[in-house]
Amino acid sequence: VPLLNNSQWASALAINGQTLAPGRENPFRNAVSANFFATLGATLLEGRSFAPADNNPSAPPVAIVNEAFRRKFFGGSSALGQRLSLLAPPGEKAPDFQIVGVVRDLRDYRIDRPGEPYWYVPYVQRAHLPSMSLTLRTQLPLADAVAAVRAELKELDPHIPISQENTLTALIEERLAQERSISFLSSFFAVVALLLSLVGLY
């Protein structure tokens with residue numbers, strides 16, 4: 001799931017074999033590479049980050065959860081070694097992911113909300129990814145960085161398309177502008193509703 005795109009990806013989940021109670025919101029999930037947290041400067045609080053060896057279809061399924069996930073589902077206990085599994089259709093066996101790390105909350109869904117329960121898996125251990133988002137930390141101007149990425153991707157596969165590119169700063173500014181617009185409209189309609197109710201009284 002790309003950063004700050006107001007979308008999320010959640011699946012029915014069982015924790016240590018116990019399915020979440022009906023109506024309980026399933027935590028968000030993302031599939032990432034070994035360097036995802038280091039690229040974003042995320043702080044590892046417990047355990048380890050993903051290793052390149054984890055991005056292998058034959059590697060044992062592993063997961064990293066954030067603070068909010070640990071707090072919501074394990075309270076004051078350690079999350080390390082706990083197991084997460086997706087709910088599979090009858091007759092199928094879903095992967096059983098072992099938690100190997102806990103990372104500080106990232107606002108990678110929406111910047112106007114505090115950290116929500118999130119868990120991450122290596123992207124190779126997640127089948128059927130319809131698309132991917134590449135996150136870079138670089139000193140280069142955007143145009144130069146995009147040109148370098150396009151050249152690398154062309155070497156790998158000339159048919160890989162790039163749908164859009166942007167800086168994290170620009171994304172944050174865009175999201176803040178959207179939130180300000182929504183806030184303004186909400187306040188405006190609240191005032192209109194109040195005026196209409198006052199008119200109705202007289």
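Mentor: Before we start, a nonpolar core here is a set of buried Ala, Val, Leu, Ile, Met, Phe, Trp, Tyr and Cys residues joined through side-chain atoms within 4.5 Å. Keep in mind too that this is a predicted model.

Trainee: Got it. Which residues have the most contacts inside the largest nonpolar core?

Mentor: That core has 18 residues. Strand 1, strand 5, helix 2, strand 6, strand 7 and strand 8 each supply at least two of its residues. The ones with the most contacts inside the core are Leu13, Ile15, Val65, Phe69, Phe74, Leu84 and Trp119.

Trainee: Which residues does a second, separate core include?

Mentor: This second core has 14 residues and is separate from the one we just covered. Among its members are Phe28, Phe36, Tyr118 and Tyr120.

Trainee: Let me step back to the overall fold. What pattern does the protein follow along the sequence?

Mentor: The secondary structure comes to four helices and eight strands. Among contacts between residues at least 6 apart in sequence, 68% join residues at least 24 apart. Read along the sequence, the pattern is β-β-β-α-β-β-α-β-β-β-α-α.

Trainee: And what share of the 202 residues is buried?

Mentor: To count as buried, a residue needs a relative accessible area under 20%. The protein exposes about 12,800 Å², with carbon and sulfur atoms supplying 57% of that. Of the 202 residues, the buried share is 32%.

Trainee: Back to Phe69, then. Is Phe69 buried or exposed?

Mentor: Look at its surroundings: leaving aside neighbours within four places in sequence, Phe69 is in contact with Leu13, Ile15, Pro27, Phe74, Leu84, Pro117, Tyr118 and Trp119. The cut-off for buried is under 20% relative accessible area. Phe69 has 0% relative accessibility, so Phe69 is buried.

Trainee: Which residues of helix 2 are buried?

Mentor: Helix 2 covers residues 67–74. What covers its buried residues includes strand 1, strand 4, strand 5, strand 6, strand 7 and strand 8. Just after the helix, Gly75 takes a positive phi of about 60°. The buried ones in helix 2 are Glu67, Ala68, Phe69, Phe73 and Phe74.

Trainee: There are some aromatic pairs to sort out. What kind of pair do Phe36 and Tyr120 form?

Mentor: The structure holds nine aromatic pairs. In this one the ring centres are 6.0 Å apart and the planes sit at 40°. Planes under 30 degrees apart count as stacked and over 60 as edge-to-face, with the rest tilted, so the Phe36 and Tyr120 pair is tilted.

Trainee: How many residues apart are Phe36 and Tyr120?

Mentor: This pair links distant parts of the chain, with Phe36 in helix 1 and Tyr120 in strand 8. Phe36 is buried at 10% relative accessibility, and Tyr120 is buried at 0%. Along the chain, the two are 84 residues apart.

Trainee: How far is it centre to centre for Phe69 and Phe73?

Mentor: Both lie in helix 2, four residues apart, about one turn of the helix. An α-helix has 3.6 residues a turn, so residues three or four places apart point the same way. Phe73 is buried too, with a relative accessible area of 15%. The pair is tilted, with 50° between the planes, and the distance centre to centre is 4.7 Å.

Trainee: Which residues form one aromatic cluster?

Mentor: We've already met two of the members, Phe36 and Tyr120, as a tilted pair. The full cluster is Phe28, Phe36, Phe37, Phe50, Tyr118 and Tyr120.

Trainee: Now strand 5. Which residue in strand 8 is the bridge partner of Val65?

Mentor: Strand 5 is mostly covered, with five of its five residues buried. Val62, Ile64 and Asn66 point one way, and Ala63 and Val65 the other. Strand 5 pairs with strand 8 in the antiparallel sense over two bridges, and there the partner of Val65 is Trp119.

Trainee: What stands opposite Ile64 in strand 7?

Mentor: Strand 5 and strand 7 pair in the parallel sense, over five bridges. Opposite Ile64 stands Gly101.

Trainee: Last one. Which residue's backbone nitrogen does the side chain of Asn66 reach?

Mentor: Asn66 sits in strand 5 and is buried, with a relative accessible area of 1%. Leaving aside neighbours within four places in sequence, its contacts are Val102, Val103, Asp105, Glu116, Pro117 and Tyr118. At 2.9 Å, the Asn66 side chain reaches the backbone nitrogen of Phe69.

Technical notes: Residues numbered from 1 in each chain as written. Predicted model: local features only at pLDDT ≥ 70, side-chain atom pairs only at ≥ 80, totals over all residues. Heavy atoms only, no water. Buried < 20%, exposed > 50% of the residue type's maximum accessible area, 1.4 Å probe, protein only. Contact = heavy atoms within 4.5 Å. Areas by Shrake-Rupley, 256 points an atom, 1.4 Å probe, with all protein chains shown as cover. Phe/Tyr/Trp six-rings, centres within 6.5 Å; stacked < 30°, edge-to-face > 60°. Pairing = 2+ DSSP bridges. Polar contact = N/O pair within 3.5 Å; in protein donor to acceptor, adjacent residues only side chain to side chain.
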